[in-house]
Amino acid sequence: GAAAHLLASSKIEVEADEAVAGAMRSVLGPISACFGLCIGFCEQTLERGNARDQPAKFDVLAEAAKLIASLAQLPCWTDEAPLDSGAYDPTNFLTDGRVTSAGRWATISVVSALLSTRDGEAVLRQSLRALGVIARHLAVGDADALLAHKAPERLAAILRAEPLDRNGSLRRQVQAHATQVLAHLVHPSGRQWRQVVELPVLAALTEPFSARSSAKDATEKSMAAGLEEQESLARRDIGNLEHRRELRNRVLSATAAALLERHEASGSMAAITRVCDSLSGLCETGAPSPRSGSWAQLPGIVSACLRVVVHSCRLKDPQSQACAQVVASHPNLVDAVSNLLACESMPGDGFSQGLTMLLVSSLVNHGALSPSQVHRCLGPVSTCIASTQDLRVSAAGTMALATALRVGRSQGDAMRPSAMGEAHDDSTRTTSWKLVVEEILRAVASSSSIAAFRRLLCFQSPQWSARVKAKRQRASGLGSPVPEPRARPGEDLGESRVEGNDFGGRTSGMLDEAMGLMTDAVLLHSAIANKVLSGRLWEPLCRQISHGGFGELSPKGLVSSFLLLRALLECAPPSSRPELVELMINEGVVWVASCLLHPPHIGELKRWPLESGGGVRGIQDTLVAVTSVLRIPLPPEALAKETLVKWQQAIYSEGIVDGTLAALRAIAKRVDAPPHQPIDLLSRLVLLSSNFLTQFLDLDGLATLKDSDALSSNSPVRLLVNALLIACQTARVSEENYKALHGENLYLLIWELLDHTDALVRAKACNLLGNMCRYSHFFYKILVTPLLDERVLELVAPQARAAPTLLARLMARCADEDQATRKFAAFAIGNSAFHSAVLYPHLAPCIPYLLAAMKDDDEKTRANAAGALGNLVRNSSDLARDLVRQGVAQHLLDCARLDVSAAPRRIALFSLGTMAVYTECRKALAGLDPSLSAALEEIEMSNPDAQVLDHIGRIRKKLLLPGAP
């Protein structure tokens with residue numbers, strides 16, 4: 001035992017020198033062999049029952065526990081993961097110099113049993129020491145063993161027990177050790193608890209869009225095989241992550257339940273109350289209080305108490321909720337928080353301060369603190385954030401403020417008097433929460449808080465950057481692969497984070513809450529945006545985002561970061577926006593936005609836990625946040641032309657259109673309603689440049705819009721309008737795009753949108769049909785093809801049965817109550833009659849609507865209607881008789897003479913010239929009032945417009961020619 005303790009407490013680095021390592025192994029081998037003998041002896045002794053009549057055996061068991069504590073510090077226990085050896089065999093306790101899984105289980109079973117030994121204070125102290133060593137070097141499988149042997153319940157029983165001696169110092173020492181063991185159990189550290197799966201942003205940065213584009217020479221078969229292998233590995237990693245998180249939940253839930261348990265018969269208080277009492281005593285200023293006894297002499301006891309209290313309140317289950325209520329009801333809680341956060345009286349380093357921030361956050365999140373208690377805690381929290389240089393503490397402080405702000409807003413908005421007798425109390429409580437929100441906003445807006453936030457934004461991790469570089473080079477396949485650097489002890493920030501690494505299942509980042517706090521603050525009070533911008537935070541914010549927070553931004557944190565960018569851009573003065581946009585380009589924000597939208601990151605995000613910002617909802621949130629930022633600098637934003645060109649070039653070269661469509665496909669049919677922000681961005685880009693439209697069509701953008709329900713009549717109006725704008729631009733730009741539109745079979749969707757309840761949607765749908773008939777008669781036959789079969793027609797409304805074709809519903813829109821809809825409907829009717837006479841047999845019903853439109857208040861509508869009437873006889877005289885019977889010529893002449901706008905007059909004259917070709921129409925022209933010749937002379941004299949004179953000459957020339965049948 002002495003030799004084992006000496007070796008365990010020595011500082012020799014076994015790996016430092018090969019010769020030393022060999023010598024150490026030769027010494028450790030025989031000593032480690034004692035491990036199994038010691039465990040076997042303890043098992044035999046414990047099986048014989050209580051040894052009241054054999055006091056000597058207590059001393060032997062105490063020495064055995066002491067030996068276990070020393071042996072558990074040797075490499076045979078601490079080295080890597082234990083081997084899985086099946087059934088327990090005392091004679092085969094070690095394999096390859098390491099304790100087997102069964103051996104570790106047996107060891108934990110023995111030590112847990114020793115904790116229950118009565119009348120043996122020395123045994124209890126030494127078994128606690130042994131369990132403390134085991135907990136410090138906890139392996140993944142050891143946590144299950146500790147739960148199976150009820151270690152949390154046994155430790156909580158020790159905390160509940162009353163002192164054995166008069167002053168209670170011995171028992172308090174034992175209770176302090178029990179608290180430290182619990183702290184190691186709920187907050188494990190070490191290499192085996194490193195993160196099993198990196199945050200999804202790593203996939204985005206290590207396989208960006210440009211790298212994927214350069215690998216096009218790989219064969220499709222090899223690429224498919226590689227993707228399948230990656231998918232398999234990813235599923236395995238996510239399985240490990242879920243296992244770790246489930247393990248954490250079981251450990252914390254069991255610990256919270258054990259700390260809450262009370263023995264009513266003995267009248268003992270709950271263990272959580274005992275820990276709070278001790279923590280309160282330790283935090284009193286001046287000399288340690290009698291409550292703390294000898295606790296204050298133990299190193300790290302304050303942080304141990306805090307870890308136990310914090311982690312017992314962290315989950316969202318009933319046990320944690322109850323623990324939070326017990327802690328919050330402690331009379332000295334707020335004073336303890338104030339003393340812990342006071343830098344000059346803080347026992348130890350900033351780690352305990354950070355834990356205190358987390359405690360405040362957990363209690364507020366559970367609703368355990370009253371508004372007045374929260375208000376009293378805000379001052380010390382804000383002061384500590386401003387004064388500390390420890391980024392972990394600052395980040396934990398922002399979590400406390402962000403949680404209080406979130407709860408304060410929800411309580412202030414949601415609480416309303418429910419009864420006359422409760423009106424006064426509810427109103428007072430609501431007002432108190434509003435005061436809490438105001439206090440937080442003042443604290444965030446202070447210069448010291450802005451400076452602290454800047455320190456957080458300037459956080460960098462060379463270790464993270466080196467790993468990203470190595471993974472990116474391996475993914476690109478260019479050059480010799482660079483090995484990933486191995487983190488040295490203490491260098492991995494995840495191990496030193498205040499809240500720990502969550503049993504290796506961490507799903508949050510250190511910077512998450514800071515980004516969320518600043519975003520909420522700016523959105524609530526726009527004046528804070530000016531302080532943020534004047535505090536030189538924009539450039540480090542962009543840099544932090546472009547590096548993925550150096551591994552400290554989770555999916556939720558990245559969404560908050562982009563929302564913060566958006567809020568600051570919207571609040572910035574117009575004169576400063578060009579500079580901000582230039583910095584976004586230079587710092588790589590557009591590049592990282594593209595990386596976040598492309599499949600490598602989207603795939604990781606889809607597999608990420610839902611409650612941590614993953615899944616389909618996480619993809620949607622990321623897509624909305626990213627595209628809303630990219631949309632802001634585009635027109636109608638008044639940017640300098642040079643800056644706008646740079647922004648468009650960055651979006652084009654980084655493949656934003658590709659990424660946006662990929663993300664839309666990932667959430668298609670999986671959300672209640674598709675988001676409008678990405679469609680808004682795509683419509684703006686498509687309208688800006690034909691290059692973006694080409695990108696969009698090459699990537700099957702129309703199919704993505706259809707699959708995403710962007711053209712479904714049930715979608716939000718803003719989404720529908722932007723999707724229709726894209727389709728309109730597709731048809732407007734070139735006839736070559738008609739095949740792409742036809743291939744997606746959008747006709748039934750357009751038919752439904754023509755009868756939409758929103759006027760703007762109806763107008764854009766009419767405009768789309770007009771552009772689909774702009775260049776040729778490609779779509780003419782489809783316009784008169786019934787879109788519903790007879791069985792479906794029987795189920796639809798009567799008005800739908802009356803207009804089963806696109807053209808029938810389009811003609812009805814000429815009489816729409818909305819002016820814009822009437823305008824675009826007349827435009828579409830005119831184009832549907834322009835290229836051929838195929839649709840003439842179906843167009844007669846629209847003549848009355850077009851005549852009515854010629855009296856519209858809008859001059860464009862009048863012009864479109866006049867042009868459409870002329871087009872009805874452009875290609876044949878099939879409709880000449882209908883036009884004559886309804887007096888179209890007289891209406892056109894009246895428009896040419898009396899309309900107040902030039903455009904309708906010109907087009908009316910042109911349409912009269914078209915009618916003058918046919919004999920049937922000339923009969924009507926001969927009976928006009930005033931006569932056609934007199935009217936033309938009148939117009940000629942009163943309106944010397946060149947186009948008008950040209951159209952008058954055209955009419956006269958037509959009348960000189962023989963009339964067409």
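Visitor: How much area does the chain expose, and what share of it do carbon and sulfur atoms supply?
Guide: This is a predicted model, and every value discussed here is computed from it. The chain exposes about 41,400 Å², and the share of that area supplied by carbon and sulfur atoms is 53%.

Visitor: What percentage of the residues in the chain is buried?
Guide: A residue counts as buried when its relative accessible area is under 20%. Taken over the 965 residues in the chain, the buried ones make up 53%.

Visitor: How many helices and how many strands are there in the chain?
Guide: Both kinds of element occur in this chain, and the strands number two. The helices, for their part, number 55.

Visitor: Which residues touch the most other members of the largest nonpolar core?
Guide: The largest nonpolar core holds 291 residues, and one of those that touch the most other members is Leu565. Leaving aside residues up to four places away in sequence, Leu565 touches several others, including Trp538, Ile545 and Val629. The full set of residues touching the most other core members is Phe562, Leu565, Phe696, Ile829, Leu843, Leu850 and Leu869.

Visitor: Is lysine 646, which meets glutamate 582 in a salt bridge, buried or partly exposed?
Guide: The side chains of glutamate 582 and lysine 646 meet at 3.5 Å, N to O. This pair links distant parts of the chain, with glutamate 582 in helix 29 and lysine 646 in helix 33, 64 residues apart. Because the relative accessible area of lysine 646 is 32%, a value that is not under the 20% limit for buried residues and not over the 50% limit for exposed ones, lysine 646 is partly exposed.

Visitor: Why does aspartate 680 count as buried or exposed?
Guide: The side chain of aspartate 680, in helix 35, meets that of arginine 631 in a salt bridge, and arginine 631 lies in helix 32, 49 residues apart from its partner. Arginine 631 has a relative accessible area of 15% and is buried. Since the limit for a buried residue is under 20%, aspartate 680 counts as buried because its relative accessibility is 10%.

Visitor: Which residues do salt bridges that share partners join into one network?
Guide: Arginine 762 forms a salt bridge with aspartate 816, the closest N and O atoms being 2.9 Å apart. Arginine 762 sits in helix 41, while aspartate 816 sits in the loop between helix 45 and helix 46, and both residues are buried. Salt bridges that share partners join into one network Asp755, Arg762, Arg813 and Asp816.

Technical notes:
Residues are numbered from 1 along each chain as its sequence is written. This is a predicted model: local features need pLDDT of at least 70, side-chain atom pairs count only at pLDDT 80 or more; totals for chains, interfaces and linings use all residues. Side-chain values use heavy atoms; hydrogens and water are left out. A nonpolar core is a set of buried Ala, Val, Leu, Ile, Met, Phe, Trp, Tyr and Cys residues joined through side-chain atoms within 4.5 Å. Buried means under 20% relative accessible area, exposed over 50%, partly exposed in between (1.4 Å probe, protein chains only). Contact means heavy atoms within 4.5 Å. Helices (H or I, at least four residues) and strands (E, at least two) are DSSP runs, numbered from the N terminus. Accessible areas come from the Shrake-Rupley method with a 1.4 Å probe; for residues, only the protein chains shown count as cover. A salt bridge is a side-chain nitrogen of Lys or Arg within 4 Å of a carboxyl oxygen of Asp or Glu.
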